[in-house]
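Hello,

Here is the structure I promised to pass on to you. Please open it next to this email and follow along as you read.

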Amino acid sequence: MPTVNDIFSALDRLAPFETAMGFDNCGLLIGDPEAEVTSCLLALDVTHEAVARAEAVSAQLLITHHPVIFHPLKAVRKGQVVYSLTEKKLSVISAHTNLDLAAEGVNRALAEAIGLTGLEPLPNPDGLGLIGCFPEPLRVSECAALLKERLSAAKVEFTEGDRQIRKLALVSGSGGSYWEAAQAAGADAFLTGEVKHDVWISALNSCFPLLSAGHHATEAVVLEPLSRWLEKEFPMVRFEVYQEFPLAAL
């Protein structure tokens with residue numbers, strides 16, 4: 001059977017961990033690289049619920065997008081998710097900004113999920129994001145409705161406007177700061193996961209359509225294609241995707 005390290009090496013080919021941004025914490029963050037894997041759970045985040053699901057499917061490995069350890073830990077105690085992982089001997093590989101930057105990573109999955117074609121990189125110093133085209137021009141409100149449906153988003157916020165959107169730029173997750181790069185690149189609008197208030201106001205005053213479909217919705221789209229890719233690489237391992245959104249809203 002393949003080991004945790006075998007799966008890590010495969011992910012490293014798809015989205016090299018050395019490409020992760022300097023602030024990030026990616027890689028095998030918890031566990032034994034030599035442990036054999038027969039079952040693996042993919043999730044956006046490590047939550048107690050995701051750990052419970054991993055245990056329910058007898059998984060030895062969790063693959064997440066967001067790092068299970070991001071800020072330095074000063075203690076690990078019973079009741080904490082890191083304690084639970086080590087207690088249950090669950091390994092965790094987190095592929096974060098390296099998967100954002102990968103050619104077949106999060107942003108491509110997002111672009112394909114909403115039907116963009118003719119994809120090109122979004123010019124910016126960090127190398128994040130893509131630009132693509134819809135088959136037909138859409139009004140801003142029509143684009144928002146399409147995003148809500150295609151991404152199963154809880155809500156889509158957007159700046160109103162009469163502009164027709166054909167060319168859309170996007171950066172998954174917390175990409176609001178890239179809206180000016182999208183505007184400079186000739187995009188008709190910009191999509192991301194979450195946007196700070198001052199960015200909304202700046203885009204609004206620039207009459208540039210900005211759409212936010214939620215951090216989870218713009219990144220969780222990578223889990224299914226990543227799972228399919230891993231299934232081809234390791235047909236003897238069972239891969240399952242955990243899509244649950246961890247927050248509640250009224």
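Which residues of helix H10 (residues 223-233) are buried? Before you look, keep in mind that this is a predicted model. In H10, the buried residues are Leu-223, Leu-226, Ser-227 and Leu-230. They lie on the same side of H10, because they cover an arc of only 100° around the axis. As for their surroundings, the buried residues of H10 pack against helix H1 (4-14), helix H4 (97-101) and three strands: E2 (39-43), E3 (61-64) and E11 (238-242).

Now try helix H8 (residues 197-205) in the same spirit. Here Val-199, Trp-200 and Ala-203 are buried. These residues cover an arc of only 105° around the axis, so they sit on the same side of H8. Turn the model to the other side of H8 and you will find His-197 and Asn-205, which are exposed. What covers the buried residues of H8? The cover includes strand E7 (157-158), helix H7 (179-184) and strand E10 (210-212). One more detail is worth a look in this part of the chain: just after H8, Cys-207 takes a positive phi of about 55°.

Next come the charged side chains. The count comes to 7 salt bridges, and I picked out a few for you to find.

- Lys-88 pairs with Glu-55, and their closest N and O atoms are 3.3 Å apart. This salt bridge links distant parts of the chain, as the two residues are 33 residues apart. Lys-88 belongs to the loop between helix H3 (81-87) and strand E4 (91-94), while Glu-55 is in helix H2 (residues 48-56). Lys-88 counts as partly exposed because its relative accessibility is 33%. Glu-55 is also partly exposed, with a relative accessible area of 47%.

- Arg-108 and Glu-104 meet through their side chains in a salt bridge, at 3.7 Å from N to O. Arg-108 is partly exposed, with a relative accessible area of 23%. Glu-104 has a relative accessibility of 51%, so it counts as exposed; the cut-off for that word is over 50%.

- Arg-238 and Glu-240 form a salt bridge with an N to O distance of 3.0 Å. Is Glu-240 buried or exposed? At 15% relative accessibility, Glu-240 counts as buried, because buried means under 20%. Its partner Arg-238, at 45%, counts as partly exposed. The pair also belongs to a network of salt bridges that links Arg-53, Arg-238 and Glu-240.

Finally, let us turn to the empty space. Rolling a probe the size of a water molecule over the atoms shows where such space is left. The largest pocket has a volume of about 550 Å³. It is lined by 24 residues, and the closest to its centre are Ala-153, Ala-154, His-216, Ala-217 and Phe-245. Helix H6 (140-151) and helix H9 (215-219) each supply at least two residues of this lining. Which of the elements gives the largest share of the lining? That is H9, with 3 residues. How do the lining residues divide by type? In the lining of the largest pocket, 12 are nonpolar, 7 are polar and 5 are charged.

Enjoy exploring the model, and write back with any questions.

Best wishes

Technical notes: Residues numbered from 1 in each chain as written. Predicted model: local features only at pLDDT ≥ 70, side-chain atom pairs only at ≥ 80, totals over all residues. Heavy atoms only, no water. Buried < 20%, exposed > 50% of the residue type's maximum accessible area, 1.4 Å probe, protein only. Helix = DSSP H or I, 4+ residues; strand = E, 2+ residues; numbered from the N terminus. Arc of directions from axis to C-beta. Contact = heavy atoms within 4.5 Å. Salt bridge = Lys/Arg side-chain N within 4 Å of Asp/Glu carboxyl O. 1 Å grid on protein atoms, 1.4 Å probe; cavity = no way out; pocket = protein on both sides within 12 Å on 5 of 7 lines; lining within 4 Å. Points joined across faces, edges and corners; volume = space filled by probe spheres on them. Nonpolar A, V, L, I, M, F, W, Y, C, P; charged D, E, K, R; others polar.
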